[in-house]
Amino acid sequence: MPLDSTPIPDELRGLRIAVLVSGGIAAYKVVDLASALTQAGSEVRVAMTPSATRFVGPPTFQGVTGNPVLTGIWAPVGSPEPHVFLGDWAQLILVAPATANVIGRVAAGRSDDIVTATLLAARCPVVIAPAMNDAMWAKPAVQENVSSLRHRGAAVVEPETGHLASGHQGAGRLASPPAILAAMVHAIRSRYDYAGRRVVVTAGGTREPIDPVRFISNYSSGKMGFALAAAAADRGATVTLITTANHPEHHGVSVQRVDTSAEMLAELRSQLSGAELLFMAAAVGDFRPARTATRKIRREETPSLTLELEPIGDLLATVAGDEALAGVFRIAFAAEDSELDKKGVEKMKRKGVQGIVANDISRRDIGFGSDYNAGVLLFADGSRFELEKATKREMSDRILDLVLPHLKKR
Ligand SMILES: Cc1cc2nc3c(=O)[nH]c(=O)nc-3n(C[C@H](O)[C@H](O)[C@H](O)COP(=O)(O)O)c2cc1C
């Protein structure tokens with residue numbers, strides 16, 4: 001996608017952004033990006049590895065950003081210590097293109113040129129956009145380096161698949177400007193205090209089929225679970241959202257769509273391994289039709305219809321014995337119309353969870369379908385926190401703030 005049709009997101013305007021360029025052919029594409037960011041009102045400063053300067057001349061970057069370009073740790077830049085100057089200055093760092101070589105050097109903690117030194121001295125979020133030949137990208141050495149950078153909190157924008165400068169087709173093209181910009185926005189919004197943690201969220205009302213066209217469900221919109229998943233992802237968690245609902249997907253959230261409670265249970269079981277935190281925000285039905293008609297039930301042929309319903313077992317109780325659940329900190333959600341605390345505590349015990357968010361569905365201004373919520377967060381250790389009325393996203397961040405001290409330290 002050409003950059004001139006890609007608007008620069010508001011979050012990036014007015015920011016101090018360091019763009020670190022290493023020696024790959026895609027360096028020419030980053031000139032456009034640096035120019036667009038500057039034109040949108042960000043202050044952009046560029047640093048280049050020696051190899052990068054063989055692909056694009058520093059005066060080109062200087063021309064589009066209006067700032068001198070750092071090409072070495074000895075070059076004067078108005079600071080007595082050029083190697084830490086940009087790391088101190090930047091509010092966001094983009095490494096693009098990131099060569100296999102620079103990724104390896106950063107992963108190894110080296111600081112042998114201005115790009116790696118800047119990254120080692122960085123205090124802000126870092127976005128890395130690799131670009132290289134497909135065979136290089138696929139190598140375990142590169143993948144391990146990438147995963148270690150991710151683990152330390154860097155956001156890596158996956159390269160795209162397509163035509164490569166080497167003449168091959170494959171994964172390795174620099175990600176598109178919208179993908180890079182989305183990752184930069186995501187990095188800025190993030191505080192990364194959930195980096196390296198795996199979080200599973202369930203959301204939405206389950207649907208239990210009566211026949212191929214009808215189902216029994218409930219009023220849960222799934223918005224709370226989507227908001228929680230987005231907040232956890234923005235804070236650096238690896239998030240899987242198991243849901244029946246269809247809201248816009250959020251950068252960094254892996255969405256697994258399901259319909260019935262049985263599908264949700266199966267997906268939950270397959271996702272729990274390695275998870276550290278589970279939010280059961282889905283409204284799982286309590287009953288389902290004992291039999292599902294294989295063909296549509298026709299009104300003309302059915303003067304009256306009585307559905308026999310069977311109970312659906314509690315999902316958490318069903319997985320309680322699973323080994324994968326043992327180390328998972330579990331937060332359930334309870335929609336109550338009265339006595340939030342009392343019913344919340346009972347439910348927490350019954351479900352064997354470490355915390356519960358009880359919200360009041362008798363209030364018209366919050367809850368089902370609304371963008372707002374309010375309630376109380378109770379922990380099994382007896383602590384209790386009021387969750388004032390707020391957007392579901394704000395409430396999610398508050399819940400994540402309160403849950404974090406309960407998770408294992410990293
Ligand atoms: C024409 C040419 C194109 C290259 N393109 C890439 C590339 O896209 N990605 C990459 O990782 N390395 C690429 N390389 C190799 C790097 O330039 C080389 O590994 C260099 O040491 C990288 O240094 P740097 O990481 O300090 O920039 C290319 C080399 C040449 C000569």
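How many bridges join S8 to strand S11, and do they run parallel or antiparallel? There are 6 bridges, and the two strands run parallel. Hi everyone, I'll come back to that pair in a minute. One thing to keep in mind throughout: what you have on the screen is a predicted model.

Okay, the overall picture. The chain has 410 residues, and 44% of them are buried. The secondary structure comes to 14 helices and 19 strands. If you put a box around the C-alpha atoms along the principal axes, you get roughly 80 × 50 × 40 Å. And if you take contacts with a separation of 6 or more, 67% of them are between residues 24 or more positions apart.

Let's go to the sheets. I'll start with the one made of 5 strands, which is open, pairs in parallel, and has the order S2-S1-S3-S4-S5. Its edge strands are S2, residues 43-48, and S5, residues 155-156, and each of those pairs on one side only.

Now, S2 is an edge strand, so is it enclosed or not? Well, 5 of its 6 residues are buried, so S2 is largely enclosed by the rest of the structure. S2 is joined to S1 by 6 bridges, running parallel, and if you want a spot to look at, Val21 stands opposite Met48 in S2.

On to the other neighbour of S1. Strand S1, residues 16-21, connects to strand S3, residues 92-98, through 4 bridges, again parallel. There, Ala18 has Ile93 in S3 as its bridge partner. Lying across S3, S4 and S5 is helix H9, residues 177-189, which runs at about 150 degrees to S3.

S3 has a feature worth zooming in on. Pro97 sits in this strand, and the peptide bond from Ala96 to Pro97 is cis, with omega near -15 degrees.

Ala96 turns up again when we look at packing, since Val19 touches Val30, Ala34, Val44, Val46, Leu94 and Ala96, leaving out residues up to four places away in sequence. Val19 is also one of the members of the largest nonpolar core that touch the most other members, along with Leu94 and Ala129. That core has 66 residues, and helix H1, residues 27-39, gives the most to it, with 7. There's a second, separate core too, with 52 residues, among them Leu241, Leu278, Ala332 and Leu400.

Right, the other sheet, where the pair from my opening lives. This one is open as well, with 8 strands in the order S12-S11-S8-S13-S16-S17-S18-S19, and its pairing is mixed. At the edges you find S12, residues 253-257, and S19, residues 384-391; each has a single partner strand, so one side of each is left without a neighbour in the sheet. On average, neighbouring strands here are turned by 20 degrees against each other, ignoring direction.

Back to S8 and S11, then: in that pair, Arg198 has Thr238 as its bridge partner in S11. Helix H10, residues 223-234, lies across S8, S11, S12, S13 and S18, and runs at about 165 degrees to S8.

Just past S8 there's a glycine I like. Gly204 is in the loop between strand S8 and strand S9. Buried or exposed? It counts as buried, because it has 29 C-beta neighbours inside 10 Å. Setting aside neighbours within four places in sequence, Gly204 is in contact with Ser220, Gly222, Gly225, Thr243, Thr244, Ala245 and Ala282. For a sense of scale, Gly204 and Pro9 are 30 Å apart, C-alpha to C-alpha, with their positions 195 residues apart in sequence.

For contrast, take another loop residue: Glu339, between strand S16 and helix H13. Glu339 has a positive phi of about 45 degrees, even though it isn't a glycine. And this one is exposed, because there are 12 other C-beta atoms within 10 Å.

Last stop, the ligand. Which residues come nearest? Of the 15 around the ligand, those are Ser22, Gly23, Gly24, Thr49 and Thr99. By class, the shell has 8 nonpolar and 7 polar residues, and no charged ones. Helix H5, residues 100-107, makes the largest contribution to the shell, with 3 residues. That's what I have, thanks.

Methods: Residues numbered from 1 in each chain as written. Predicted model: local features only at pLDDT ≥ 70, side-chain atom pairs only at ≥ 80, totals over all residues. Near = placed C-beta within 6 Å. Nonpolar A, V, L, I, M, F, W, Y, C, P; charged D, E, K, R; others polar. Buried ≥ 20, exposed ≤ 12 C-beta atoms within 10 Å, placed from the backbone. Contact = placed C-beta atoms within 7 Å. Pairing = 2+ DSSP bridges. Axes fitted to C-alpha atoms, helices over the stretch in contact; angles between N-to-C directions. Core = buried A, V, L, I, M, F, W, Y, C linked by C-beta atoms within 7 Å.
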